[in-house]
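Let's go through a few labels together and ask what stands behind each one.

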Amino acid sequence: MLNDNRETCLVYQMYALMVCLCLGMTARAAVPYQSPAQFNAQVPMEKAATPEQTAALLSRYPNADILLFPEDRQQPIRMTEALPQPWIERGPVRRFQGQAQPGEFYCFQIGLFAARASVSDIRIEVTDLRDSSGQTLSAESLRCFNLGGTDWLGRPFEKVVSAAQGTVQALWFGVQIPQTAQRGLYRGTVVIKPEPSLAWAQVDLDLTVSGAVLTDHGESDLWRHARLRWLDSTLGLDSEVTAPYTPMRVSEHTVTCLGRTLVFNETALPEHLISHVSHTGDSLGSTQTEILSGPVALKIETDQGLVTWRSSTPYVDRQAPGEVQWQSQSLSPNFQLTVQAHMEYDGHVAFRMTVQARHRVTVRDIRLEIPFRREIARYMMGMGQKGGTRPKAFQWQWDVTKHQDSVWIGDVHAGVQCKLLGPDYSRPLVNIYYANKPLNLPDAWHNSGKGGCSLSEVDDHTVLLKSFSGARTLEAGQSLHFDFDLLLTPVKPIDARAHWRDRYYHNGNGASLPTWLNAAKDGGASIINIHHGNDLNPFINYPFHAQTVQDLTAYIKSVHAAGLKAKVYYTVRELTNHMTELWALRSLGDEVFIAGAGNDERTIINPSGADPWLQTHVRTNYVPAWRHAFSSGQYKGHVDAAIVTNGMSRWHNYYVEGLQWLLKNLEIDGIYIDDVAYDRKVMQRVRKIFDRNRPGSLIDVHSWNHFNARAGFASCANLYMEHFPYIDSLWFGEGFNYNESPDYWLVEISGIPFGLMGQMLQGGGNPWRGMVYGMSTRLPWSGNPSAIWRFWDEFSIQETQMIGYWTPDCPVNTDHKDVLATVYRGKDSTLISMASWADKAVDCRLSVDWDQLGLDRDQVTFYAPPIEDFQPTRLWNVNEAIPIDPGRGWLLVVDTKKRSRPAAQ
């Protein structure tokens, strides 16, 4: 298979067959998943040569700076710190012989051993591959993934590949074979030129194309590694809009997206931000709510006072259905200000502001000022402030130990998130891994610790947010980048009907797999979320093994036959050690996997160190993550030992392509995301893939409460707000305190101010308080909401309009400040949800606007229907006081039906 020597070639073919069997593969298709013993065994490529063997090998090649060892894709190069034994036995190889099929994306490796000097970089030259008749496989169709590719935004990039003396660097190559390629032997050459000025080496490629055409590039067979082509995918990167959004509109300086309008002034910064969302958050109409009390401004203060700008006429330089871009330049005697703005159809606006000094100048401050209308700046969340009622004054400064760079201010029907960043922004890690990759503090805003934010009530009309940077001296020609993003909220109208319809069965709490479907149906669920760590979806974030695909496909078909939807756990925060492409991704350095202390790393999940498999096989430069040991089922004896990924990488391109593959081959109905470890642009692509392949698919996001030192004291709703335009529901979450105040519930947990609704988790939540925000739990993971779901159907809650206590014209109010009421107004009847935050039992009377409800107070009563584990039957006249225990409440039906007071009352 390799080498020009026939005897060595035969030995190597036997070795390759042995590895195939060890890996549980054949040359054509995957077999049922290998046993734990097979998976755990060290393969020959992990058996290190001794120093004496390495020295003996080098003595045979005295003039070589590097040695090359081409390898088939089925024998991934695993070690970097030593040569593997098989290479000692056969030596470096000049010729590689591979077997491909028409249409295949064919992958292979070349192992580079830095024999006598460290390699600081490499260049690779590839010739065309030609057959005997002159047919050509173009050199342009061959790529080396280690040297660069296409990032998650579609931008080409290059990488430096280095290797310390005495180490191995695996180079992974892929070549696209056209479906129309003529069968036969194609020959070419790969030349590797190491720096600095070391002797180059080459490998001759013999690639035989034969067999049937592969219409899927070979992606259905994991052993081919053909899915590595997904790393450079641009799938979903376009300017088209996703549902429910509409194409953007521009009229002079006015830009409009769904439910929101921005008007920019001569500096290209916002002069008006307007919401068209109703106070109830569920509709768009003629309502126009101005958020600002004045224009947003960048202000520069010197000893002479505030700089006055002379601005050019701003202009729109790009307009498409999903995006609008405009810019302007402003001048003063000492400064030039360039503002470029890019707004997208989801209400996200990126401002890139460059301040350039025209002369050497000292400033007292450079700051961004956003003046909010005081009646709109009702709530606040972010920069260390828990979500809830806005404080009268607030002060914050940058701190790398805190995952804090943004703040949201507003009301339920109108608000703005502002995020400060710099040109070197790199998305931090989330959850307990924040410290492994914290914020890059933006130089212009941070200014060596002088920068921060303040919030104050300027007068009766204005609440002013100042993002200041402090004093500094700029040299002539020096530029500073004061970048910031705005997100206008709500990001979309609430789809309450979908919320009442979508009821989750989330497998867990010891429920065995065979019981899931019947338990979901009997309990009233409409969606089954298939978590990882079970026989259906065993390995975290990698539902692609043949056995997994077979089992998931059959199960999803049974779910569909029962009239339910099925979604799978699929995200990117960590990746299983059972993924086929593990070693190829490891060869990319810290591009996909975050760098770490390897076997010496300690985490909350792995306080005593990584799983033995990782310590044996991976060893260095990784951070261990989730670990699940299978004690029963078809994966008994296996351990799913995951590795933490980097914040953003090409893996997200693979992830998007993988999602499309799951939609087409498994017909999943959506995904469950446990913390979002990618940015809004990837989520936007995910939504497009769903809309274009399986409309009606759902995305729900869950998060553990990040407001603690390990996660950087971040508010989850603020952290993930950029994703809210594209998701369908929230599940917040472990660690959330449901004894917090109502305003915390509203802002941090419910999703309502942002156009979403959700469910409760921690300890089953509080069902009485939850119903004030339309929230239940998930079956069976966080309780049993079946009784409340049945009541929803009996009352036809999906036909009502939710009017929360937070709306200015809520038709029902209580006479106690710690008891709140939300109304579900129907055509002939109304449901009142009451809940108490009082610390003791209270008696409470309701004040009702009967005209708003369309009911005659003399003809109705307050009826509490029996709901298991929620409330007993009760009946009150409309003028009676209603007793409420602390932390509890009532669901009261208000209609004209005649009922008798229960004897127990």
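Q: Which residues of H14 are buried?
A: In this predicted model, Pro 742, Asp 743, Tyr 744, Trp 745, Leu 746, Val 747, Glu 748, Ile 749 and Ser 750 are buried, where buried means under 20% relative accessible area, exposed over 50% and partly exposed in between (1.4 Å probe, protein chains only). Helices here are DSSP runs of H or I with at least four residues, numbered from the N terminus.

Q: Why is helix H14 described as largely enclosed by the rest of the structure?
A: Nine of the nine residues of H14 (residues 742-750) are buried, so the helix is largely enclosed. Just after H14, Gly 751 has a positive phi of about 85 degrees.

Q: Why is Ile 604 called partly exposed?
A: Its relative accessibility is 45%, so Ile 604 counts as partly exposed. Ile 604 sits in the loop between helix H9 (582-586) and helix H10 (612-617).

Q: What makes Cys 418 and Cys 716 buried?
A: Cys 418 counts as buried because its relative accessibility is 3%. Cys 716 counts as buried because its value is 0%.

Q: How many disulfides does a search of the whole structure find?
A: Zero, with a disulfide being a pair of cysteine sulfur atoms within 2.5 Å. Cys 418 is in no disulfide, and the nearest cysteine sulfur, that of Cys 453, is 7.0 Å away.

A note on the basis: local features need pLDDT of at least 70, side-chain atom pairs count only at pLDDT 80 or more, and totals for chains, interfaces and linings use all residues. Residues are numbered from 1 along each chain as its sequence is written, and side-chain values use heavy atoms, leaving out hydrogens and water.

Conventions. Helices (H or I, at least four residues) and strands (E, at least two) are DSSP runs, numbered from the N terminus.
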